Amino acid sequence: MGPTDPTAPGIRVVRGLPDDAELAALIAALLAASAAPAEAPARSPWADPAFRRDTPLAARQGAWRLSGLPR
């Protein structure tokens, strides 16, 4: 079994005698670390900074009342 042999083990224990559960935990951790990162969830319009780039309400009579209403 040479280094290019696909049946050769990819992990070699250098020191110690791990049991099957410890080897399984190591392989699971290595697989999780090598997995592709998950995509970020889509940003809601409420959290989007572009949503707030609207022009401010003009100071006019009744503007304080209008500021509390949805646009």
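Leaving aside neighbours within four places in sequence, which residues is V13 in contact with? In this predicted model, the partners turn out to be P18 and L23. V13 itself sits in the segment before helix 1. Along the chain, V13 and L23 are ten residues apart, and their C-alpha atoms end up 9.4 Å from each other. Even with those contacts to P18 and L23, V13 still shows 42% relative accessibility. That value lies between the 20% and 50% cut-offs, so V13 goes down as partly exposed.

Zooming out, the secondary structure is quickly listed: the protein has two helices and zero strands. Helix 1 covers residues 20–34, and L31 is found in it. How much of the protein counts as buried? Just 1% of the 71 residues do. The accessible surface adds up to about 7,100 Å², and carbon and sulfur atoms account for 61% of that area.

Part of the surface is a nonpolar patch made up of I11, L26, I27, L30 and L31. Together, these residues offer about 440 Å² of accessible area. Is L31, a member of this patch, buried or exposed? Its relative accessible area is 56%, and since the exposed class starts over 50%, L31 counts as exposed. L31 thus combines a place in helix 1 with a share in the nonpolar surface patch.

Terms used
Residues are numbered from 1 along each chain as its sequence is written. This is a predicted model: local features need pLDDT of at least 70, side-chain atom pairs count only at pLDDT 80 or more; totals for chains, interfaces and linings use all residues. Side-chain values use heavy atoms; hydrogens and water are left out. Patches are made of residues with over 30% relative accessible area and no salt bridge: like charges are joined within 9 Å, nonpolar side chains (Val, Leu, Ile, Met, Phe, Trp, Tyr) within 5 Å. Accessible areas come from the Shrake-Rupley method with a 1.4 Å probe; for residues, only the protein chains shown count as cover. A salt bridge is a side-chain nitrogen of Lys or Arg within 4 Å of a carboxyl oxygen of Asp or Glu. Helices (H or I, at least four residues) and strands (E, at least two) are DSSP runs, numbered from the N terminus. Buried means under 20% relative accessible area, exposed over 50%, partly exposed in between (1.4 Å probe, protein chains only). Contact means heavy atoms within 4.5 Å.
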